[in-house]
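Visitor: Could you walk me through this fold and tell me how each label is earned?

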Amino acid sequence: MIVLAVALFGTLVVRASTPETNYTGHYELADAKAARSFSLDVRQEDSRADVSFSAAMADGTGAAPDGSGRGDVEDGVLSFDFKDSYNNEGTCTLELKKDGYHLSMTVARVADVSPLHFYGNVLLKRVSDRSWGK
């Protein structure tokens, strides 16, 4: 009985002392050979986060959207709304999984279709623990 109580108490102490997921940092596409670039910056304080991103084709052609948003981290997932420089709006989630950081972008309001090929499911890697320009 005492062993069980100690085990349960130890589990509660570990869970209580486990820090929240902190996504502060600079992220880029995990595939370095991609024909496009995509970077994401997150600045998180407690469970609130400010997010900005930019994307472009490697050869410089086509749309090159920038965007920003605000959101919250809950249960290890960063969820935020965004608006891009083409006036498209949507929602995103960022989550750490075994193979990297998964960004899921859903456009809810389309004002201009030209940058939409950058959105969807994007696999990122964290390249810095600091967000650039912050």
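Guide: Happily; here are the terms, each set beside its cut-off.
Guide: This is a predicted model, in which local features need pLDDT of at least 70, side-chain atom pairs count only at pLDDT 80 or more, and totals for chains, interfaces and linings use all residues. Residues are numbered from 1 along each chain as its sequence is written, and side-chain values use heavy atoms, with hydrogens and water left out.

Visitor: Why are strand 1 and strand 8 called a pair?
Guide: Strands are DSSP runs (E, at least two residues), numbered from the N terminus, and two of them pair if DSSP finds at least two bridges between them. Strand 1 (residues 25-29) and strand 8 (residues 121-128) have four bridges, in the antiparallel sense, so they pair. Across them, Tyr27 stands opposite Arg126.

Visitor: What other partners do strand 1 and strand 8 have?
Guide: Strand 1 is joined by four bridges to strand 2 (residues 36-45), running antiparallel, with His26 opposite Asp41. Strand 8 also pairs with strand 7 (residues 100-109) over four antiparallel bridges, and there Leu103 faces Val122. The eight strands form a closed barrel in the order 1-2-3-4-5-6-7-8.

Visitor: What makes a set of residues a nonpolar core?
Guide: Its members are buried (under 20% relative accessible area, 1.4 Å probe, protein chains only) Ala, Val, Leu, Ile, Met, Phe, Trp, Tyr and Cys residues joined through side-chain atoms within 4.5 Å. The largest core here has 23 residues, and Leu103 and Leu78 are among those touching the most other members. Strand 3 supplies the largest share, four residues.

Technical notes:
Buried means under 20% relative accessible area, exposed over 50%, partly exposed in between (1.4 Å probe, protein chains only).
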